[in-house]
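Take a walk through this fold, one piece at a time. Keep the 3D view open as you read.

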Amino acid sequence: LPVAGLMRYGAMAYPGREVVTFTGDGARRQTYAQTALRAARLAGALRGLGVDADQRVATLLWNNSEHLEAYLAVPSMGAVLHTLNLRLAPAELGYIVNHAADHVVVVDPTLVPLLAQVLPQAPGVRHVLVTGPASEAAALAGQLAGQGHEVHAYEDVLAAAPEVFDWPDLDERTAAAMCYTSGTTGRPKGVVYSHRS
């Protein structure tokens with residue numbers, strides 16, 4: 001039950017079904033086929049940024065199409081998706097990002113101020129992909145100058161990536177995603193989920 005199989009089936013059996021993201025000003029729509037294509041581009045872009053094997057790619061995103069693309073691309077390429085709880089304080093997020101050894105963070109522009117407080121505590125994060133307008137990525141890059149984090153506009157890295165990705169044949173027991181507890185005693189604890197689970 002690897003995630004790539006679910007993605008391929010959805011794109012083949014229901015290519016015209018829509019993924020709808022409410023933006024506050026209306027809705028953005030894309031088909032399952034388009035979502036699978038964008039997931040392939042995201043995987044190619046992440047591979048180009050050095051994500052291989054089981055490296056962690058964190059998301060600080062709302063429930064939107066970009067988050068779905070990450071949910072499909074990251075585990076399917078053999079990396080591990082790490083969803084960050086956007087309700088946590090910067091100090092807690094910093095601890096979690098470091099403990100998980102996140103290599104990349106994909107962030108929504110509305111959450112850039114929160115991430116900007118976390119990144120000085122997270123030197124292991126090499127790349128940040130900002131969804132939305134490229135101007136948001138440029139603004140964050142200016143804030144983080146000299147800290148060792150490369151900031152990219154999500155749409156630009158997708159546009160530069162190939163339309164196809166050679167999805168590896170993964171064992172269903174391979175790590176696919178991870179989350180951390182919150183509101184418990186002591187430090188947050190991480191849990192890793194396999195493709196099958």
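Start with H152, which is buried at a relative accessible area of 15%. The cut-off for buried is under 20%, so H152 falls inside it. Keep in mind that this is a predicted model.

Where does H152 sit? H152 is found in strand 7. What does H152 touch, once neighbours within four places in sequence are set aside? The contacts are L49, H127, V128, L129, V130, A137 and V157. Among them, H127, V128, L129 and V130 belong to strand 6, which spans residues 127-130.

That brings us to the pairing of the two strands. Strand 6 and strand 7 run parallel and are joined by four bridges. One residue pair shows the register: V128 has V151 of strand 7 as its bridge partner. In general, strands of a sheet pair through backbone hydrogen bonds, in either a parallel or an antiparallel sense.

Now step back to the whole sheet. Seven strands form an open sheet in the order 7-6-5-3-4-8-9, and the pairing is mixed. Strand 7 (150-153) and strand 9 (190-194) are the edges, each pairing on one side only. On average, neighbouring strands are turned by 25 degrees against each other, direction ignored.

Move towards the other edge. Strand 4 and strand 8 run parallel, with two bridges between them. Here H82 stands opposite M178 of strand 8. The next pair breaks the parallel pattern: strand 8 and strand 9 are antiparallel, paired over five bridges. In this pair, A175 stands opposite S194 of strand 9.

Helix 4 (residues 90-100) lies across several of these strands. They are strand 3 (56-60), strand 4 (80-83), strand 5 (102-107) and strand 8 (175-180). Against strand 8, helix 4 runs at about 150 degrees.

Next, look at how two helices meet. Helix 1 (residues 3-13) and helix 2 (residues 32-48) have axes that come within 8 Å. These axes cross at roughly 140 degrees, and the crossing is left-handed. Which residues make the contact? Helix 1 supplies M7, G10 and A11, while helix 2 supplies Y32, A33, A36 and A39. By character, the contact divides into six nonpolar residues, one polar and no charged.

Helix 2 also leads into the interior. The largest nonpolar core has 32 residues. Those with the most contacts inside this core are L42, L46, M77, L129 and W167. Which elements give two or more residues to the core? They are helix 1, helix 2, helix 3 (65-76), strand 5 and helix 7 (154-160). Helix 2 provides the largest share, seven residues. There is also a second, separate core of 30 residues, and its members include L88, I96, L140 and V151. V151 is already familiar as the bridge partner of V128.

Zoom in on L42, one of the best-connected residues of the largest core. Leaving aside neighbours within four places in sequence, L42 is in contact with E69, A70, A73, L129, Y154 and L158. Follow that list to A70, which lies in helix 3. Is A70 buried or exposed? A70 is buried, with a relative accessible area of 1%. Apart from residues up to four places away in sequence, A70 touches L42, T59, P75 and L81. A70 can also be placed against E163: the two are 93 residues apart in sequence, and their C-alpha atoms are 15 Å apart in space.

Finish with the backbone at two alanines. Most residues other than glycine have a negative phi. A53 has a positive phi, near 50 degrees. A53 is placed in the loop between helix 2 and strand 3. At 54% relative accessibility, A53 counts as exposed, because the cut-off for exposed is over 50%. A101 also has a positive phi, about 60 degrees, although it is not a glycine. The loop between helix 4 and strand 5 holds A101. Its relative accessibility is 42%, so A101 counts as partly exposed.

Definitions and conventions: Residues are numbered from 1 along each chain as its sequence is written. This is a predicted model: local features need pLDDT of at least 70, side-chain atom pairs count only at pLDDT 80 or more; totals for chains, interfaces and linings use all residues. Side-chain values use heavy atoms; hydrogens and water are left out. Two strands pair if DSSP finds at least two bridges between them. Axes are lines fitted to C-alpha atoms, for helices over the stretch in contact, and angles run from 0 to 180 degrees between N-to-C directions. Contact means heavy atoms within 4.5 Å. A crossing is left-handed if the near helix is turned anticlockwise from the far one by less than a right angle, and right-handed if clockwise. Ala, Val, Leu, Ile, Met, Phe, Trp, Tyr, Cys and Pro count as nonpolar, Asp, Glu, Lys and Arg as charged, and the others, Gly among them, as polar. A nonpolar core is a set of buried Ala, Val, Leu, Ile, Met, Phe, Trp, Tyr and Cys residues joined through side-chain atoms within 4.5 Å. Buried means under 20% relative accessible area, exposed over 50%, partly exposed in between (1.4 Å probe, protein chains only).
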